[in-house]
Amino acid sequence: MGRAFEYRKAAKLKRWGHMAKTFTRLGKQIAIAVKAGGPEPENNPTLRSIIAVCKRENMPKDNIERAIKNAMGKDQSEYKEVTYEGYGPHGIAVFVDTLTDNTTRTVADVRSVFNKFAGNLGTTGSLSFLFDHKCVFTFKKKDDVDMDELILELIDYNVDDEFDEDYDEEKDEATITIYGDPKSYGMIQKFLEEKGFENVGGEFTYIPNDFKEIDDEQRATIEKMVEKLEEFDDVQNVYTNMK
């Protein structure tokens, strides 16, 4: 399990406050995937992966189909993936992932929050030494799978030797989450699908390589800053090295 498991648990506690925000985020990801690889999931592995994430987040089928259709329209905005990084209060490192069609607006929004909380927005790459950039795949566990054997095979695809296992009581379903090198995203997805795993959904994340200890009052301030950042539609995810 280890630090990735600890960070994943923490990330779950600060997921989007409501479904509408989640669906907006996923809709933008669908738009980028469709623009890059076409509207047919069977021919577009990235889109297929995002749809699996949508289903895991209980995004209605109509919403998914509408997002794909909108992405095919001539007037559909071209979104760009932009990451902002800097320090928040109490020396906490903050990564902000965005999808935006207007970088001027987005950087102004993000900077305003950093300034409000006496933080400093840095240059791209300035905090890369504090975080490991990973691709993350979650998929339905098969009853006959030997995880030690599976991980051993996946090491050839630059997958970490630690993994998370969760159980959803409502769905009566166990899922496995693995972490790997972002450059191996496509190879990992293909391997899992060829092995017959269902609902293979992939995303990208930043995992701190060291957690910073803070007290409860400081934590409340950081959490408020994260909430303010997540209020912007352009913001996809916010990561910190707060323990």
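Trainee: Which residue in strand 6 is the bridge partner of Tyr167?
Mentor: Ala174. Mind that this is a predicted model: local features need pLDDT of at least 70, side-chain atom pairs count only at pLDDT 80 or more, and totals for chains, interfaces and linings use all residues. Numbering starts from 1 along each chain as its sequence is written, and side-chain values use heavy atoms, without hydrogens and water.

Trainee: How do you know that strand 5 and strand 6 pair?
Mentor: Seven bridges join strand 5 (residues 159–168) to strand 6 (residues 173–180). DSSP has to find at least two bridges, so they count as paired. They run antiparallel, with four residues between the strands of the hairpin, where Asp172 takes a positive phi near 50°.

Trainee: And what joins strand 4 to strand 6?
Mentor: Six bridges, again antiparallel. Cys135 stands opposite Gly180 in strand 6.

Trainee: What makes strand 5 and strand 7 edge strands?
Mentor: The open sheet has the order 5-6-4-7. Strand 5 and strand 7 (201–208) each have a single partner strand, so one side of each lacks a neighbour in the sheet.

Trainee: Why is the set with Phe137 and Leu192 called a nonpolar core?
Mentor: A core is a set of buried (under 20% relative accessible area, 1.4 Å probe, protein chains only) Ala, Val, Leu, Ile, Met, Phe, Trp, Tyr and Cys residues joined through side-chain atoms within 4.5 Å. The largest one here has 18 residues, and Phe137, Phe139, Leu150, Leu154, Ile178 and Leu192 have the most contacts inside it. Helix 6 (147–154) and helix 7 (185–194) are among the elements that each supply at least two of its residues.

Definitions and conventions. Buried means under 20% relative accessible area, exposed over 50%, partly exposed in between (1.4 Å probe, protein chains only).
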